Amino acid sequence: MPDLVVLRPEGLYCPAGGFHIDPWRPVPRAVITHGHGDHARGGMGEYHATRAGLPILRWRLGQDERIFDYNYGESFVLGDARVSLHPAGHVLGSAQVRIEIDGQTWVASGDYKRQPDPTCAPFEVVPCDVFITEATFGLPVYRWPETSEVAREIVEWREECAARGESAVLFCYALGKAQRVLAEMMAHTDRPVWLHGAIAAGVQVYRECGIPLLETKLVSDEQRGADFAGELVIAPPSAAGSAWMRRFKRVQTGFASGWMRIRGNRRRRNHDRGFVVSDHADWPDLLRTIRETGARRVIATHGNTDALVRALNEAGIDTGTFSTQFGEDD
């Protein structure tokens, strides 16, 4: 039987279903796993996605795009393929794509994580014959601490900065990461957090979806010259080194990312603190997830694929790669 998903110049393609998954070029029909910019791009003829992720897609793509939305687990037919979307645990509305044709099942995971996250539905293991997995952090060194403990460390860092009369500016991605940090911090503080405008837009989308988050304020609502000493400010990575940073008289910067598991990454990014928070699976969870799907064949996509392919092949699992154009989360 031919492969249910193949790699085309536009992205991952299901020939029997006549659709692409997270294509990076315009196509007539796209199934979208989640709203990050490297997975949900404009210009498609029509979109198919989760109902939970619809507000994010509307925010990112606009109100005029033709989007068909589905509940998690709801089956729908595209061409000769029966398709359903299942929780990926990555960000709000994120999904794995299950494809069934003539008794064979493939699952394209998109981006996923196994850690608990109060801002999105937890990952669901979907049994399959072939599993297409991300490998963003596909090296044994990547192992995540408990996010609740990292949130406590962020609150303590703010207090340390306050004692020195400094602002604590935390850089993180605007969709998923910022909201998760705000949700996890609620167990440790009730003090408001200040937001860059690019972060505030995504936070508002989550609030409108009913996700509980710590109280926030906009930096731009304060007059020029306001003193943010002792405050925690969340900003996108693009704000680092920008003119926007000049409003903070004395400042420490931190970065919340799985990349901070490697100390050298923090130094290269020139941040004072690194906080290990990731919306992707770490090495143990990549291996656990693949094992739990029961897949006889695995295809690794973006990230550190070499180590994962080698480990799986040594374990007797037929594993190859697709070269995709997915990248950073935002």
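These legends go with close-up views of a predicted model, taking in one threonine and two cavities.

**View 1. Thr301 and its surroundings in strand 18.** Thr301 sits within the run of residues 297–303 that makes up strand 18. With a relative accessible area of 5%, Thr301 counts as buried, because the cut-off for that label is under 20%. Its side chain pairs up with the side chain of His302 in a polar contact at 3.0 Å. Looking past residues up to four places away in sequence, Thr301 touches Ile132, Thr133, Glu134 and Ala135, plus Phe322 and Thr324.

**View 2. The largest cavity, with Thr301 in its lining.** This one comes in at about 70 Å³, and the structure holds two cavities of 30 Å³ or more. Thr301 and His302 both help line the largest cavity, and so do Ile132 and Glu134, two of the residues that Thr301 touches. The rest of the lining is Leu12, Ile21, Asp22, His39, Ala108, Ser109, Gly110 and Phe326. Strand 11 (130–135) and strand 18 each put in at least two residues. Sorted by class, the lining splits into five nonpolar, five polar and two charged residues.

**View 3. The second largest cavity.** Here the space is about 60 Å³. Its lining takes in Ile32, Thr33, His34 and Gly35, then Ala49, Thr50, Gly53, Ile56 and Leu57, and finally Leu92 and Gly93. Strand 5 (46–50) and helix 1 (54–61) are the elements that give two or more residues to this lining. As for chemistry, the walls offer five nonpolar and six polar residues, with no charged ones.

Terms used. Residues are numbered from 1 along each chain as its sequence is written. This is a predicted model: local features need pLDDT of at least 70, side-chain atom pairs count only at pLDDT 80 or more; totals for chains, interfaces and linings use all residues. Side-chain values use heavy atoms; hydrogens and water are left out. Helices (H or I, at least four residues) and strands (E, at least two) are DSSP runs, numbered from the N terminus. Buried means under 20% relative accessible area, exposed over 50%, partly exposed in between (1.4 Å probe, protein chains only). A polar contact is a pair of N or O atoms within 3.5 Å; within protein, one must be able to donate a hydrogen and the other to accept it, and residues adjacent in sequence count only if both atoms are side-chain atoms. Contact means heavy atoms within 4.5 Å. On a 1 Å grid over the protein atoms alone, a cavity is a set of points where a 1.4 Å probe fits but cannot get out, and a pocket is an open set with protein on both sides within 12 Å along at least five of seven lines; lining residues have an atom within 4 Å of a point. Grid points are joined across faces, edges and corners, and a volume is the space filled by probe spheres set on the points. Ala, Val, Leu, Ile, Met, Phe, Trp, Tyr, Cys and Pro count as nonpolar, Asp, Glu, Lys and Arg as charged, and the others, Gly among them, as polar.
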